[in-house]
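Here is a short note for someone opening this entry for the first time. The points can be followed with the structure in view.

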Amino acid sequence: MSARHKVIGRSVPRIDGVEKVTGAARYTGDLKFPNMLFGKILTSPHAHARILSIDTSAAERLPGVKAVITHRDVPDLKYGISPARWDENIFCIDKVRFVGDKVAAVACVDEETCYRALRLIRVEYEVLPAVLDFRRAMDDGQPLVHEEYPRNINTEIHQSFGDVEKAFAEAHHVRTDAFLGNRAYQAPIEPHSAVSLWDGDKLTVYASTQSPHYTQYYLAREFGMPMGDVRVITPYLGGGFGGKLEVTGLEFAGAVLARLTGRPVRMFYDRAEMFAHNRGRHAQYMEVTTGVDERGKILGAHANFIMDGGAYTSLGIATAYYAGALLPLTYEFDHYKFDMVRVYTNLPACGAQRGHGAPQPKYAFESHLDNVAADLGIDPMDIRLLNARRPDTVTPNEFRVNTCGLRQCLEKARALSGWDEKKAHRKPGRGIGVATGSFVSGAGYPIYRTDLPHAAAFVKVHEDGTAATLYTGATDIGQGSDTILCQMAAEGMGYRYEQMKIVASDTETTPHDFGAYASRQTLMSGTAAKRAGEEVKRQILDMASAMLGLPADDLDCEHGVVFSKSRPGKTLAFEEVARKHFVLRGPLLGRGVYTPPKLGGKFKGAAVGTSPAYSFGVQVGEVEIDEDTGEITVVGVWDVHDSGTVINPRLFHGQVHGALAMGIGESVWEEVRFDDRGRILNPDLANYRLLTALDMPPIRSEVVETVEPEGPWGAKEIGEGSTNPTMGCFSNAIFDAMGVRVNSLPLSYEKVWRALKEKREAGGGA
């Protein structure tokens, strides 16, 4: 951080902190409107079935029921968040495709009546065979989830760069490993909900969404409305992690029910319904082959994956591409091949979950790399230092990397964790592992409306200059983006953060922004906020120039004080200049937009994974394993990240801690499980085990700071990149502790116990 920076680089208090800790913050589910109704969706009890008839008459006669709707009452236009595969309807028309698929909805005077009404809707089904094992979905004779997609193939990717076969032929050592990634769920503390109301022909939806402008676009498209007649507002949001990125049945059904009844309608998911809606982590089968020379230098790699997409596409095409596209980021090699098939199954659809396709492939590759190092007798840290990506390089799939502090991260993590000492003096049952990670700082392409900038913002200085409000469409999902965007706007203006206010996530009052996904808001929304602040500053300096009789280029403004750079003592208060500007020149407004530079290659799928900048990080984990029970105790974690210039250190480290909580949970405990009829066995937070504060290990989070030329003040992302090393880190620590590899997530106590038992029975010792 430059010494001249007055606001960024400092751990200022969160702008929403008081409201959240006192309980004053109002989330979508807290909103109440006069005459409001409650709505619920009837879902399928079958994984795969043909709908023969739907009888709503008994539900319609129930006192307190104001409307009942099915597919006959809504548009039949297919939707989705990936335009290449719009395959979902508001309600199922011909058949249901998973347990939880949307069939009908009701609006009633209270919640109890909603549940009674749902029980009165009679649906006649013809149960069909279901495909539940994604690894067999393409087999001959399997039922088709969607008839128009043969062999249940939703997405098929084949990319090849260089000559992988030649690299393998010339390699000193070639190894292949296969790994299995688990289906996981984001588990935000706030359930999905939406409140819809109409004013004439204008629709307003309060929604727990990560992207209000996406939601606005898809609602307008589905109902054939001008976007200007659809307003989407996100109040405070209680977590998303990718699961609240796309439009749900709540927004669509709620809008229709509100129109029919003429009253506001509140729709919501309970926890079990959130599990069924899912859109969480894909299960993946991952086969990785790597060829190395005598030193362990990677010559080429082949990633061959199958991904469980569930019943619908969701954001899965991008997820499938990300799974392979981001693998070459952390290590340098010239020859790379990626094959992926994302298949449909009769299970809930999977989408974007923190890290968006990358954490499980990184788990596979990092575990595989440790196996290669063991084959060659090389220290796992050394093989990573040998292959670590350097700054100003290009990946084999043509991603341009500007700044990269990965080598420094590895060296710092090695020292902080006491790696060499622990490796030299191993304790029984103890193991230490390392993994690297990287992630985009915003996608280089939009999901819709390629003609729009990726982010826009404006700043309005109040008439007396005592406050300034940032207007942004960016969405704070708990990560603190409202705070850092205000920091960046204030720094750009030369203003005080304490006098900043924010209006965010309202399509009526805030300019377009694609929302919270792909770790884009610090770099993209931040650049727009910075530019808006800088435009205010230019106007302030121009006004001060007239007031002081000095050239504008001799003036600067910092922390609310305008001063002459050449004449000490010549100063004006920001407020004084702002008031004069309002009187003489009108409202003081600053505008900023951001569109990324043209990125990536020309091959199919080249855009997915392109980004203006990439973060890099390293995690080291130490575990202790009880050899009698397989119980895993995490002794400590060390995280070192290159995220460019850190805007707010406290929030930075909070993102690391949160990522580790999610990553450790997915590594050891978390998995959505199904019975042989496609029903979720653990759709609640009692049986889907998440880490609590009591389970968190000691964490040391450190920074290797670089200055990214594409980011505002050199900033890059941290929120998702800090998720990517975790699974591989703990897989390798467990491997180091027990001397045998568990090749499927989660790395549960039972799997570890069984692996140790098999090792002992094979004569391998404890």
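**Notes on the model**

1. Glu287 stands opposite Asn304 in β14. The model is a predicted one, and this pair is a convenient place to start looking at it.

2. Strand β14 covers residues 298–310 and is joined to β13 by 9 bridges, the two running antiparallel. Together β13 and β14 form a hairpin, with 5 residues between the strands. Gly296 lies in the turn and has a positive phi of about 100°.

3. Which strand besides β14 pairs with β13? Strand β8 (residues 173–181) is joined to β13 by 9 bridges, and these two strands also run antiparallel. One pairing to look up is that of Leu180, whose bridge partner in β13 is Tyr285.

4. Strand β13 spans residues 284–292, and 7 of its 9 residues are buried, so the strand is largely enclosed by the rest of the structure. Buried here stands for under 20% relative accessible area.

5. Helix α8 (residues 316–325) is a further enclosed element: 10 of its 10 residues are buried, so the rest of the structure largely encloses the helix. The buried residues of α8 include Gly316, Ile317, Tyr321, Tyr322 and Ala325.

6. What covers the buried residues of α8? The cover includes the hairpin strands β13 and β14, along with β7 (153–161), β15 (335–344), α9 (359–376) and β18 (430–440).

7. Helix α13 takes in residues 481–493. At 1.5 Å a residue its 13 residues should span 18 Å, and the end C-alpha atoms are 18 Å apart, which agrees. That expected value comes from multiplying 1.5 Å by one less than the number of residues.

8. Is α13 mostly covered or mostly open? It is mostly covered, with 13 of its 13 residues buried. Gly494 follows the helix and has a positive phi, near 80°.

9. For the chain as a whole, the secondary structure comes to 18 helices and 28 strands. The C-alpha trace spans about 85 × 75 × 50 Å along its principal axes. A compact globule of 766 residues would have a radius of gyration near 27 Å, and the chain has 27 Å, which agrees.

10. Buried residues account for 63% of the 766 in the chain. The chain exposes about 27,300 Å², of which carbon and sulfur atoms supply 51%. Of the contacts between residues at least 6 apart in sequence, 79% join residues at least 24 apart.

Key
Residues numbered from 1 in each chain as written. Predicted model: local features only at pLDDT ≥ 70, side-chain atom pairs only at ≥ 80, totals over all residues. Heavy atoms only, no water. Helix = DSSP H or I, 4+ residues; strand = E, 2+ residues; numbered from the N terminus. Buried < 20%, exposed > 50% of the residue type's maximum accessible area, 1.4 Å probe, protein only. Pairing = 2+ DSSP bridges. Rg over C-alpha atoms; globule rule 2.2 N^0.38 Å. Contact = heavy atoms within 4.5 Å. Areas by Shrake-Rupley, 256 points an atom, 1.4 Å probe, with all protein chains shown as cover.
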